[in-house]
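Work through the following exercises with the sequence and the model at hand. Each task is followed by a solution in steps.

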Amino acid sequence: MKINVVGLGPGNIKYISAAGIECIKEAEILVGSARQLSDLKSIISEEQEIYILGKLGELVTYLKENIGKKITVIVSGDTGYYSLVLYLSKNLSKDILNIIPNISSYQYLFSRLGENWQNFRLASVHGREFDYVKNINDKDFAGLVLLTDDIQNPYEITKKLYDNGIRGVTVIVGENLSYDDEKITILEIEDYEKLNRKFDMNVLVLKKGENYAHI
C-alpha cells in the first residue's frame with residue numbers, strides 16, 4: 001500500500017487540492033506538524049490516528065511499522081520544494097510514495113503581487129547556507145526568493161546585502177501567507193532598518209530594479 005504525501009500549500013485549508021483532501025479524509029493515519037493538523041481539524045475525524053512530526057528517524061520507523069494502513073503525510077507548501085519528500089524517498093522508496101503536489105508559499109506571494117516568478121532564483125536559508133550576496137549579482141536572474149528562518153531572517157539578510165554594497169533592490173516580505181493575519185511588506189533595501197523586528201513564518205523576495213548596483 002502506498003503512503004500519500006500531500007502538499008498543504010501556503011497554509012490555509014482553502015488552497016488544498018481536491019485530491020489532497022480526499023487523501024486526508026480517507027487516511028487511517030495522519031502525519032504532520034501540530035500546526036498543520038490544527039489547520040485541518042475541520043476535515044479530520046476522531047477515528048483517525050494522529051502522528052505529530054518529531055524526529056525523522058522515528059517517523060520512518062513508525063511508517064514502516066504501519067505500512068499496511070492508509071497513511072497520509074502532510075507537508076507544507078509544495079511537495080517538490082524543500083519538503084519532507086526527499087527524506088522519505090531516500091529512507092523508504094520513491095515507489096511507495098503517492099505524491100499530491102500543491103503551490104508553494106512563494107507562488108502564492110507572487111500571485112498576490114500580480115507578478116511572475118520564473119526569472120527569479122529560488123533558494124532557502126532555512127537551516128542551510130546559501131550565498132545570496134554572490135547570487136543576487138547573477139545577471140540571469142531578476143532577483144532572489146528565499147525561505148528564511150529565525151537566524152537568517154529578512155532583516156539580517158537585507159542588512160548583509162546592504163553592508164556588502166547592494167543597492168537598487170526592492171525587498172518584499174510575505175508573512176503568514178494565505179491566513180487571516182497575512183502581512184506583505186514592501187520597501188527599498190536602503191530602508192532595511194525598518195525590518196529590524198520579529199518575523200512570523202515568511203518568504204523573502206529580493207527584486208532587482210533598473211538602478212540595481214553593487215558598489
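## Exercise 1: The chain as a whole

Among contacts (heavy atoms within 4.5 Å) in the chain between residues at least 6 apart in sequence, 67% join residues at least 24 apart. The model is predicted: local features need pLDDT of at least 70, side-chain atom pairs count only at pLDDT 80 or more, and totals for chains, interfaces and linings use all residues. Residues are numbered from 1 along each chain as its sequence is written, and side-chain values use heavy atoms, with hydrogens and water left out.

**Task.** State how many helices and strands the chain has, and what share of its residues count as buried.

**Solution.**
1. The chain has 7 helices and 10 strands; helices (H or I, at least four residues) and strands (E, at least two) are DSSP runs, numbered from the N terminus.
2. Buried residues make up 48% of the 215 in the chain. Buried means under 20% relative accessible area, exposed over 50%, and partly exposed in between (1.4 Å probe, protein chains only).
3. Along the principal axes, the C-alpha atoms fill a box of roughly 60 × 35 × 30 Å.
4. About 11,200 Å² of the chain is exposed, with carbon and sulfur atoms supplying 48% of that area. Accessible areas come from the Shrake-Rupley method with a 1.4 Å probe; for residues, only the protein chains shown count as cover.

## Exercise 2: Helix α5 and an aromatic pair

**Task.** Find which residues of α5 are buried, and classify the ring pair of Phe110 and Phe120.

**Solution.**
1. In α5, the buried residues are Ser105, Tyr106, Tyr108, Leu109, Phe110 and Leu113.
2. Their cover includes β6, β7 (143-147), β8, β9 and β10 (202-214).
3. Gly114, just after α5, has a positive phi of about 70°.
4. The whole structure holds 8 aromatic pairs. Rings of Phe, Tyr and Trp (its six-membered ring) pair if their centres lie within 6.5 Å; planes under 30 degrees apart count as stacked, over 60 as edge-to-face and the rest as tilted.
5. For Phe110 and Phe120, the ring centres are 5.1 Å apart and the planes stand at 65°, so the pair is edge-to-face.
6. Because Phe110 lies in helix α5 (residues 105-113) and Phe120 in strand β6 (residues 120-124), the pair ties together parts that are 10 residues apart in sequence. Both Phe110 and Phe120 are buried.

## Exercise 3: Tyr82 and Ser104

**Task.** Place Tyr82 and Ser104 in the chain. Is each buried or partly exposed?

**Solution.**
1. Tyr82 sits in the loop between β4 (71-75) and α4 (85-91).
2. The relative accessible area of Tyr82 is 41%, so Tyr82 is partly exposed.
3. Although not a glycine, Tyr82 has a positive phi of about 50°.
4. One aromatic cluster is formed by Tyr81, Tyr82, Tyr106 and Trp117.
5. Ser104 belongs to the loop between β5 (97-100) and α5. With a relative accessible area of 2%, Ser104 is buried.
6. Between Ser104 and Tyr82 there are 9.9 Å in space, C-alpha to C-alpha, and the two are 22 residues apart in sequence.
7. Not counting residues up to four places away in sequence, Ser104 touches Gly77, Asp78 and Tyr81.

## Exercise 4: Strand β8 and the loop after it

**Task.** Compile the surroundings of Thr170 and of Asn176, with the polar contact that each side chain makes.

**Solution.**
1. Thr170 lies in strand β8 (residues 166-175), and its relative accessible area of 18% makes it buried.
2. The side chains of Thr170 and Glu188 are joined by a polar contact of 3.0 Å. A polar contact is a pair of N or O atoms within 3.5 Å; within protein, one must be able to donate a hydrogen and the other to accept it, and residues adjacent in sequence count only if both atoms are side-chain atoms.
3. Apart from neighbours within four places in sequence, Thr170 is in contact with Ile186, Leu187, Glu188, Val205, Leu206 and Lys207.
4. Asn176 is in the loop between β8 and β9 (183-188). Asn176 counts as buried, at 5% relative accessibility.
5. Phi of Asn176 is positive, near 50°, in a residue other than glycine.
6. A polar contact of 3.3 Å links the side chains of Asn176 and Asp181.
7. With neighbours within four places in sequence left aside, Asn176 is in contact with Arg35, Asp181, Glu182, Asp200 and Met201.
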